[in-house]
Amino acid sequence: MGEPRYILVGVAWPYASGSLHLGHLGGAYLPPDVFARYHRMVGNRVLMVSGSDAHGTPITVKADQLGVTPAEVVERYHAEIVGYWEKLGISFDLFTTTMTDNHREVTWDMFRRLEANGYIVTGTSEQFYDPEAERFLPDRYVEGTCPHCGYDAARGDQCDNCGRQLDPVDLIEPRSRITGATPVMKETTHYFLRLSAFQDRILEWLRTREGWRRHVQNMAIGFCEEGLQDRAITRDLTWGIPLPPELDTIGEGKRIYVWFEAVIGYLSASKEWAARQGDPEAWRAWWENPEAETYYFIGKDNIVFHAVIWPCQLMGYGGLNLPTNVPANQYITFKGAKASKSMGVGRSIGWYAERLQPDALRYAIASVFPEQNDTDLSDEELVRRINEELVSTWGNLVNRVLTMVAKNHGGRIPASGVLQPGDVALLSSIDRALEEEAELIERVELRAGLRRVMEAATEVNVYLNANAPWKAEDPERAATVLWVACNAINGLKVGFAPYLPFSSQTLHRMLGLQGEVGDDGWVRSRLEPGLEIGPVEPLFEKVELSQLT
RNA sequence: GGCGGCGUAGCUCAGUCGGUGAGAGCGCUCGACUCAUAAUCGAGAGGUCGGCGGUUCGAGUCCGCCCGCCGCUACCA
């Protein structure tokens, strides 16, 4: 192992406008945690950041519904979301929000630099305007009759009845959601990001990426090949980050559009983390060091923003690292329906976290990470994964081995006699499993990585059945077999740790070891005979389906 | 409508550059074992690889058309 690598793990910023569900967990939040934990164990310098997205129309819509301010909406859901991460051990180095002064300053810095570099220009467009409220209306604030299905409460961006995408001007008899007034078209001036200026550079860059998921790379390239158009980065709104004062010259009531500003959160959060560490320059090791690697974990709906537009912003700013990879996931669906906040399908992460052990939930979700396809999940499947795979194969393996140590060897790691070829083969097989799992995780094939460790756990079960230490016809041989099994488990503990951090740590202590499970790095360390193990308790409990009703 | 991805065993999924009989886990059937959370191990059954057509000595894999699901389509981000 050489010098530590610098690994920046950027995680999609959830809207603080509602609860998150298991689809979010499996699509965007658990994968980066597994990835980050692995890299930390290897000895790399990981910085994993994200936060709640405080701006955007969904927040103001929610605030209107609840009759509270947007900031209150953000605070409420931010607290709930932070609670998920604590319960499930999603190990952010910083999980902040986009409401901070720091984020505003960093956003302004990027805005100013892009403007100075000629990548931000002004332009005009026509937008619906509510003459009674005297304000411009976002598409979602315009209602009317759907031209396709006749539904009379279609939103300006989409019809909830027939699902068609709409343009507000297509609505029949449009009206303002705020006052009910008939909106009028009015010219408005905005700043535009000159994406067109990056067309060739970004395509060249995208085409030369290696190791990216097919759907991510093709999606991004396809988007660029259609021709990048300049895109407005300001809105006529009152909720959002204001323009830098000296550039706030294009009319009243302008705010920076949330898509431009939210992705900057990766940079601003890195700076906030550094400041909190007492070393305000520390972020540079991940952003300016050309050897550093940057991974963005997002859902497939966010590919264009992270694989095209954000890289354009970074190129235009200059001197900051582009993404190494954007391992976007597909969706976890629940019985075929997309688990989405707006549809209210599926229950929140917190709901499940209250009813399941954190590692049980992490296991079930990690084993269905939607890396290539949408993956369907149900409560029955969740329970089955936990009981038939996690508890039976791994939990029971630990339990059967340690119970024998406790009962037959006075609770101490037994002394090993001369190892037979089968003993050596098992231990080297565990070591090989760790190496292969590491390769899979490096390629962000996390689901396969987990399967690889489980396979190794099965090998230990096979070994035990073949060597039957409980028969004890030859006590020294029985002790040797058990010593080998203990060491195998100690190696598997390492491989499971990124996925199952809580129970791996529990096992670490149960084996009589001090410190943290990752202290020795990504290796199987040797358990010495005579080591006193702790009280033996099952790592996991079986789950009843009725717990999830 | 356009663009991208996906469609493989009852279920959830792997299948690199097209190449001997199409894979895994779970479930199911049978058997072994009994240290362990009715856990473990072995064997077996189970598939027209969404459909049709084409290229090829050879197609799950490449090409065309069609069907279905998901995402994007620039004011959701």
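**View 1. Helix H1 meets helix H14 in this predicted model.** Welcome to the first close-up, where three residues of H1, namely Phe-35, Tyr-38 and His-39, touch Ala-438, Ile-441 and Glu-442 of H14. Sorted by class, this contact holds four nonpolar residues, one polar residue and one charged residue. H1 covers residues 22–42, and its axis runs 10 Å from that of H14 at an angle of about 125°. H1 is therefore oblique to H14. The crossing of H1 past H14 is left-handed.

**View 2. Helix H14 packs against helix H16.** Here we stay with H14, which spans residues 421–442, and turn to H16, built from residues 475–496. Their axes lie 10 Å apart and the packing angle is about 0°, so H14 is roughly parallel to H16. On the H14 side, look for Asp-423, Leu-426, Leu-427, Ile-430, Leu-434 and Glu-437. H16 answers with Arg-477, Thr-480, Trp-483, Val-484, Asn-487, Ala-488, Gly-491, Leu-492, Val-494 and Gly-495. The contact of H14 with H16 counts nine nonpolar, four polar and three charged residues.

**View 3. Helix H13 crosses helix H15.** H13 takes in residues 379–408 and H15 residues 446–467; an angle of about 45° separates their directions, and their axes are 10 Å apart. The two helices are therefore oblique to each other, and H13 passes H15 in a left-handed crossing. From H13, the contact draws on Glu-389, Leu-390, Thr-393, Trp-394, Leu-397, Arg-400 and Val-401. From H15 come Met-454, Ala-457, Thr-458, Val-460, Asn-461, Leu-464 and Asn-465. Eight of the residues in the contact of H13 with H15 are nonpolar, four are polar and two are charged.

**View 4. The protein surface near RNA strand B.** Now let us bring in the RNA. There are 63 residues around strand B, and those that come nearest are Gln-127, Asp-139, Tyr-257, Thr-375 and Asn-396. By class, this surface consists of 20 nonpolar, 20 polar and 23 charged residues. H13, already met in the contact with H15, gives the most to the surface near RNA strand B, with 14 residues. H15 supplies at least two residues, as do helix H2 (57–66), helix H6 (214–225), helix H7 (258–262) and strand S17 (375–377).

**View 5. Polar side-chain atoms close in on RNA strand B.** Which parts of the RNA face the protein here? Sugar or phosphate accounts for 74% of the strand B atoms within 4 Å of the protein, and bases account for the rest. Two side chains are worth finding beside phosphate oxygens of strand B: a polar atom of Arg-214 sits 3.1 Å from one such oxygen, and a polar atom of Asp-157 sits 3.3 Å from a phosphate oxygen. A base is approached too, since the side chain of Arg-231 places an N or O atom 3.3 Å from a base nitrogen of strand B.

Conventions:
Residues are numbered from 1 along each chain as its sequence is written. Chains are lettered from A and ligands numbered from 1 in the order in which they are written. This is a predicted model: local features need pLDDT of at least 70, side-chain atom pairs count only at pLDDT 80 or more; totals for chains, interfaces and linings use all residues. Side-chain values use heavy atoms; hydrogens and water are left out. Axes are lines fitted to C-alpha atoms, for helices over the stretch in contact, and angles run from 0 to 180 degrees between N-to-C directions. Helices (H or I, at least four residues) and strands (E, at least two) are DSSP runs, numbered from the N terminus. Angles under 35 degrees count as roughly parallel, over 145 as roughly antiparallel, 65 to 115 as roughly perpendicular and the rest as oblique. A crossing is left-handed if the near helix is turned anticlockwise from the far one by less than a right angle, and right-handed if clockwise. Contact means heavy atoms within 4.5 Å. Ala, Val, Leu, Ile, Met, Phe, Trp, Tyr, Cys and Pro count as nonpolar, Asp, Glu, Lys and Arg as charged, and the others, Gly among them, as polar. A residue is near a molecule or strand if one of its heavy atoms lies within 4 Å of it. A polar contact is a pair of N or O atoms within 3.5 Å; within protein, one must be able to donate a hydrogen and the other to accept it, and residues adjacent in sequence count only if both atoms are side-chain atoms.
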